[in-house]
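Q: Here is a protein with a ligand. On what grounds are the terms used for its ligand shell and its domains applied?

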Amino acid sequence: MIANKIPVIVLTGFLGSGKTTLLNRLLTDGVKTAVVINEFGATPIDQDLLLNQDIPLTVLSGGCLCCQIKGALAPTLKNLWMAWNNSETKPFERVIIETSGVASPEPILDTLLREPWLSKRYRLQQIVATLAIPSALAQLEHHAEARAQMAWADLLLLTHADLADDKQHAELIDYLKLQAPATPTLTAMRDLFDASMLLCKTPPSFRRITTGRALPEHGFRSVSLYLEHTPSWPQLQATLQTLLSNHADDLIRIKGVVYFPECAEPLAVHAVAGHLYSPIQLPKRINQDRRSRLVLITISSPEQLANELFCLLGGEPSQNPIRLH
Ligand SMILES: Nc1nc2c(ncn2[C@@H]2O[C@H](COP(=O)(O)OP(=O)(O)OP(=O)(O)O)[C@@H](O)[C@H]2O)c(=O)[nH]1
């Protein structure tokens, strides 16, 4: 038995519900943290959205930690522990895993709690699930992944309160009282909340262990695009808004890092549940790849979406501005 197990916090929550925003908030609390980010899309975006780049960071992209790339978690945590153990000045005191927005936390817990080598060295501190108040009920109704995230959470963080009305808030609270009555909820206004309120210091006394029941295979698909010639924000905004309204039912998430010609620094572009957010300026990067990239996550044909985006941007077939990955 190893005396001091490294605590692990798992951040889960449906696509666009605010996991990376929460992660950025947690990274300001002064605890040295190693971060593992799991992204559904093949082209990782979230690493560029981290405001603190000076941390041990592993990105596992191109699938979910609960299925396609489940096997990647154990070696990642083993490598992190080796680095921790071999260093006199411990490089981190905890690990935060941000799952993809369509991952079920259950197989991640299975790896953490059941793998004998890992379970001697790591302890699960907490699972926090983010739920965006305006879209959560529809996501919970339509996506088993969202229900699994809610069911496995030790704490439910309700986000996007500033975009929700009182009725949406009350309806979500009522639903959660019925479906997850023992799980505390907290409402956060963007990243304005006390992180110490969020994290329990001791592990939950009772921890459910998997029964081996897996979710049906995800119905989500993603496409990653590099823009050879980045349009201005007004042009991209109009294009993405058209794409979102043409695909209100099947285009679930857009996120990207975009180098607009009119801006010196990259901007993060997000759309969730049909809502296109104002772009967010990202900090200056050293040695950065200055190509703009977008990831679209859909339950229909991603290739068709990519072609439509290309046409909306006014592309001629001979000078396709988009490269697919
Ligand atoms: N208005 C508002 N926007 C928010 C809030 N929380 C997050 N956002 C925005 O919502 C968008 C998505 O937030 P992220 O933190 O990237 O969501 P995510 O869960 O990490 O997304 P995925 O990694 O795609 O699953 C971003 O534009 C955020 O700035 C909130 O409380 N209010």
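A: Ala, Val, Leu, Ile, Met, Phe, Trp, Tyr, Cys and Pro count as nonpolar, Asp, Glu, Lys and Arg as charged, and the others, Gly among them, as polar. The model is a predicted one.

Q: How many residues of each class does the shell around the ligand have?
A: Under that division, the shell has 11 polar, 6 charged and 5 nonpolar residues.

Q: Which residues come nearest to the ligand?
A: A residue belongs near the ligand if its C-beta atom, placed from the backbone, lies within 6 Å of it. There are 22 residues around the ligand, and Lys19, Thr20, Thr21, Gly101 and His270 come nearest.

Q: Which elements each supply at least two residues of the shell around the ligand?
A: They are α1 (19–26), β9 (251–258) and β10 (267–272). The largest share, 3 residues, comes from α1.

Q: Why is the ligand shell said to lie between domain 1 and domain 2?
A: Both domain 1 (6–198) and domain 2 (221–324) give residues to the shell around the ligand, so the shell lies between them. The C-alpha centres of the two domains are 25 Å apart.

Q: What makes residues of domain 1 and domain 2 count as in contact?
A: Two residues are in contact if their C-beta atoms, placed from the backbone, lie within 7 Å. By that test, 14 residues of domain 1 are in contact with 16 residues of domain 2. On the side of domain 1 that touches domain 2, α2 (46–49) and α6 (133–142) each supply at least two residues. The residues of that side divide into 8 nonpolar, 5 polar and 1 charged.

Note on methods. Residues are numbered from 1 along each chain as its sequence is written. This is a predicted model: local features need pLDDT of at least 70, side-chain atom pairs count only at pLDDT 80 or more; totals for chains, interfaces and linings use all residues. Helices (H or I, at least four residues) and strands (E, at least two) are DSSP runs, numbered from the N terminus. Domain bounds come from an automatic or database domain assignment.
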